[in-house]
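Subject: Handing over the structure

Hello,

I am passing this structure on to you, since you have not worked with it before. Please have a look at it first, and then read my notes underneath.

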Amino acid sequence: MKHFLLLCSAVLLTACANPALREAEDLGRSNQWPAALRVLDDARAKDPNDPQLRAAQVRAREQATARLILQIEALRGAGRWDEASALLSQLALADARHPRLAALTSEVERSRRQDAQLAAGRAALKEGRIERADAIAREVLAESPQHPGARLLATQVAQSRPLESAVGELGPAFQKPITLEFRDAPLRQVFESLARSSGVNFVFDKDVRSDARITIFLRNVTMDEAMRVILNTQQLDRKLLNDTSVLIFPNTSAKQREHQELITRTLYLTNADVKQVQAMVRTIAKVRDIHIDERLNLLVVRDTPEVLRLVEKLIASVDLPEPEVMLEVEVMELATDQVETLGLQWPETASLGISDAAGNIPAQVFVGGKNPINFRASIANPAIVATLRGTSGNTNTLANPKIRVRNRDKANVHIGQKLPVFTTTTNFTGQTSVAASVTYLDIGLKLDVEPTIQLDNDVVIKVGLEVSNLIRQVTGPGGTTAYEIGTRKTATTLRLADGETQVLAGLINDEDRKSASGIPGLSRIPLLGRLFGTHSDTRNKTEVVLLITPRVVRNLAVPDASLTRLASGVDGSPGAFSSLLRRDAKVGVAPSSGAAPAPASPTPQPAAAPTEATVKLDVTPQVPAGGTVSVALKNDSGLQVKGELEFDPAKLSPAQPLQGATPGRYPVELTPRGERVVAFRALPPAAGQVLNISLSSLSAVGVNGESAPVRVEGSGLLAVGAAK
């Protein structure tokens with residue numbers, strides 16, 4: 001009757017349920033949670049007080065939003081921004097107050113914008129505009145430090161730039177090769193010579209000494225190298241105003257604060273500890289102002305662009321995820337027990353006395369009764385028992401945990417039980433009272449591991465293993481309880497390769513016990529003693545075996561060499577321009593004297609015969625990948641020379657392209673005894689190759705319009721360094 005009433009109640013509740021619940025449930029089974037949510041929303045609008053509809057609506061909304069978020073994340077990873085935006089609109093309709101709605105909307109818009117930026121950065125790198133590509137990569141990494149496309153672009157930029165490259169975007173005028181020979185010359189005269197020969201404009205601060213004099217000898221150096229040598233030796237500094245203008249000012253703290261432009265950057269850290277990074281940046285980069293926020297794990301740095309570039313690379317070299325390892329541990333306790341009992345068991349007691357009428361021998365007998373007195377002897381029945389018994393058993397106690405641990409962190413496993421131990425305290429002051437407290441004793445299996453993951457995927461593991469078991473319970477004074485515990489313990493350090501299994505065994509407990517019972521004296525006779533007693537042989541043996549296998553989940557991702565080998569300037573100016581010269585440059589200093597200054601360039605050679613024009617071609621013999629190639633042309637004749645520079649447009653690009661020029665050809669024109677420098681950018685496809693730049697379509701015209709043949713001297717071969 002009771003079951004019938006419950007069945008009727010269930011039928012009535014089902015009949016009274018809202019039909020929208022069943023429809024929403026069917027839609028949910030087919031994973032159509034947005035449709036189920038719409039059905040429940042319509043039903044709630046009609047019946048807002050139904051608690052079942054309310055519960056089903058909340059459950060459907062959670063399922064619908066979770067499914068939409070998974071789809072949005074997948075579309076965002078695939079770069080399908082329009083579809084992700086459409087699903088964001090559905091998420092806003094499903095739950096306008098969802099906590100991840102605003103963040104996902106911002107991430108989708110940011111990712112769409114970053115993709116466009118990276119496309120522009122890759123195009124700039126292909127065109128040889130390395131600084132522009134580097135600026136785009138750093139801007140994207142500032143917003144998304146782990147963006148794979150931005151990290152790849154930054155690596156390509158670093159491989160395309162030599163280690164000692166300047167920070168600013170220098171124009172072709174700074175790459176023109178020059179030769180300087182001045183003895184005790186005024187500094188301003190040297191800069192005037194540089195300005196005339198290169199076309200670079202110099203602006204001097206009012207505090208630059210006008211009477212400063214310099215003795216310098218430089219051959220086959222670029223304009224940029226010569227200017228850095230002069231500034232470093234005269235305690236001056238520079239500020240690039242544009243690609244052809246430079247401000248010169250004294251290198252003092254006051255002038256640095258006055259002219260150097262500072263940048264403030266907020267750098268978010270993903271893995272590194274912000275306090276340790278702060279100490280590193282203060283020590284190595286010597287930043288001016290730095291602030292950290294431990295809550296957000298970020299740094300705010302204010303310094304020059306050169307120092308900030310150094311700080312960004314330092315952080316990129318240490319902000320790496322920590323390695324992790326999965327430890328597969330198998331602990332077995334192998335137990336074997338054997339018991340053998342063999343012999344004859346004789347009676348231990350015999351009785352002799354007066355029996356009563358029932359045949360029993362009472363404890364007391366009264367003499368003088370009517371019943372006859374009977375003397376009776378008795379022994380246990382049966383009199384002799386033959387024992388032939390043997391038992392054996394094998395027990396395997398297996399624990400097989402899998403532990404995932406970070407590098408240099410500790411992990412422990414405890415499989416067993418806690419035994420209570422009571423402690424009583426008696427107080428005899430005034431009124432006697434007894435207080436009891438309980439502590440717990442851990443027994444079972446205890447395993448402690450501390451892994452250290454090496455770069456070669458070996459894992460150094462500190463292992464501590466303890467296996468304990470309860471032997472017996474001991475009752476102490478006052479009824480307190482204690483336990484006798486058996487313990488086997490080991491600790492070691494081992495180094496294993498990824499996937500290598502190590503077996504630790506030998507923790508053996510071997511117990512061999514023999515006992516005999518029977519007729520005294522006779523039961524101890526060899527061999528025949530088993531006829532007068534029972535002999536038992538007991539042997540218990542237990543062994544603990546540990547098998548441990550490390551599997552590296554994630555090792556340390558060592559950054560590229562471009563982040564671990566950085567040009568850091570000098571001690572007084574971290575991250576400043578390098579003063580190193582190219583290998584083929586020559587520098588020297590002549591003794592100061594009162595002699596007149598030497599000419600800024602060597603004496604021109606005598607002009608060639610008017611019947612032939614000679615053009616000297618000088619090409620930078622070796623440049624790094626992405627570097628600037630300088631092509632110097634010199635006309636040693638008194639004729640007007642015209643021609644074209646031929647090059648591979650897929651591997652070289654003019655620094656100043658000419659409109660209407662044919663790809664692979666660059667028109668040039670040389671005045672009588674004139675010079676010209678044309679700068680090219682080595683594109684990424686040229687890395688590791690030997691290229692040739694040649695002169696073609698040459699023609700020479702004299703003052704009176706007469707033509708003459710043109711002879712080219714020099715080689716146009718250049719080697720482009722391989723990408724690092």
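Below is what I found, starting with the overall picture and moving on to single residues.

**Overall picture and confidence**

Please keep in mind that this is a predicted model. The mean pLDDT of the protein is 75, and 72% of the residues score at least 70. Confidence is highest in strand 7 (residues 289–293), with a mean of 92, and lowest in helix 1 (residues 2–16), with a mean of 42. For residues 1–16 the pLDDT is below 50, and this stretch has one contact in the model beyond near neighbours in sequence. Residues 587–609 also have a pLDDT below 50, but there the model shows 36 contacts beyond near neighbours in sequence. Where pLDDT is low, the predicted coordinates should not be read in detail.

The protein has 724 residues, of which 36% are buried. You will find 14 helices and 32 strands in it. If you take the contacts between residues at least 6 apart in sequence, 70% of them join residues at least 24 apart.

**Two helices to look at**

Helix 6 (residues 101–126) contains 26 residues and reaches 38 Å from its first C-alpha to its last, close to the 38 Å expected at 1.5 Å a residue. Its buried residues include Leu101, Leu104, Val108, Leu118 and Leu125, and also Ser111, Gln114 and Gln117. Just after helix 6 comes Gly128, with a positive phi of about 90°.

Helix 13 (residues 305–318) has 14 residues, and its end C-alpha atoms are 20 Å apart, which agrees with the 20 Å it should span at 1.5 Å a residue. In helix 13, 10 of the 14 residues are buried, so the helix is largely enclosed by the rest of the structure. Among them are Val307, Leu308, Leu310, Val311, Leu314 and Ile315, as well as the charged residues Glu306, Arg309 and Glu312.

**Charged pairs**

Side chains of opposite charge can pair when their charged atoms come close. Across the whole structure, 30 salt bridges turn up. A good place to start is Lys255, which forms a salt bridge with Asp205, with the closest N and O atoms 3.1 Å apart. This pair links distant parts of the chain, 50 residues apart: Lys255 is in helix 11 (residues 253–259), while Asp205 is in the loop between strand 2 (201–204) and strand 3 (213–222). Both Lys255 and Asp205 are buried. For Lys255 the relative accessibility is 7%, so this residue counts as buried.

Lys255 has a further salt bridge, to Glu258, at 3.3 Å from N to O. Glu258 and Lys255 both lie in helix 11, three residues apart, which is about one turn of the helix.

Arg406 and Asp409 also form a salt bridge, their closest N and O atoms being 3.2 Å apart. Here Arg406 counts as partly exposed at 41% relative accessibility, and Asp409 counts as partly exposed at 29%. Elsewhere, salt bridges that share partners join Asp134, Arg138, Arg265, Arg309 and Glu312 into one network.

**A buried lysine without a salt bridge**

Which side chain of opposite charge is nearest to the buried Lys651? It is Asp648, at 4.0 Å, yet Lys651 has no salt bridge. The side chain of Lys651 does make a polar contact with the side chain of Gln689, at 2.4 Å. Lys651 sits in the loop between strand 24 (640–646) and strand 25 (652–654). Leaving aside residues up to four places away in sequence, Lys651 touches Arg681, Ala682, Leu683, Pro685, Ala686, Gln689 and Leu691.

**Positive phi outside glycine**

Two residues other than glycine are worth a look for their backbone angles. Gln235 has a positive phi, near 55°, and lies in the loop between helix 10 (223–233) and strand 4 (236–242). With 55% relative accessibility, Gln235 counts as exposed. Lys286 has a positive phi near 50° and lies in the loop between helix 12 (274–284) and strand 7. Its relative accessible area is 42%, so Lys286 is partly exposed.

Happy exploring, and best wishes.

Terms used
Residues are numbered from 1 along each chain as its sequence is written. This is a predicted model: local features need pLDDT of at least 70, side-chain atom pairs count only at pLDDT 80 or more; totals for chains, interfaces and linings use all residues. Side-chain values use heavy atoms; hydrogens and water are left out. pLDDT is the predictor's confidence in each residue, from 0 to 100. Helices (H or I, at least four residues) and strands (E, at least two) are DSSP runs, numbered from the N terminus. Contact means heavy atoms within 4.5 Å. Buried means under 20% relative accessible area, exposed over 50%, partly exposed in between (1.4 Å probe, protein chains only). A polar contact is a pair of N or O atoms within 3.5 Å; within protein, one must be able to donate a hydrogen and the other to accept it, and residues adjacent in sequence count only if both atoms are side-chain atoms. The expected span of a helix is 1.5 Å times one less than its number of residues.
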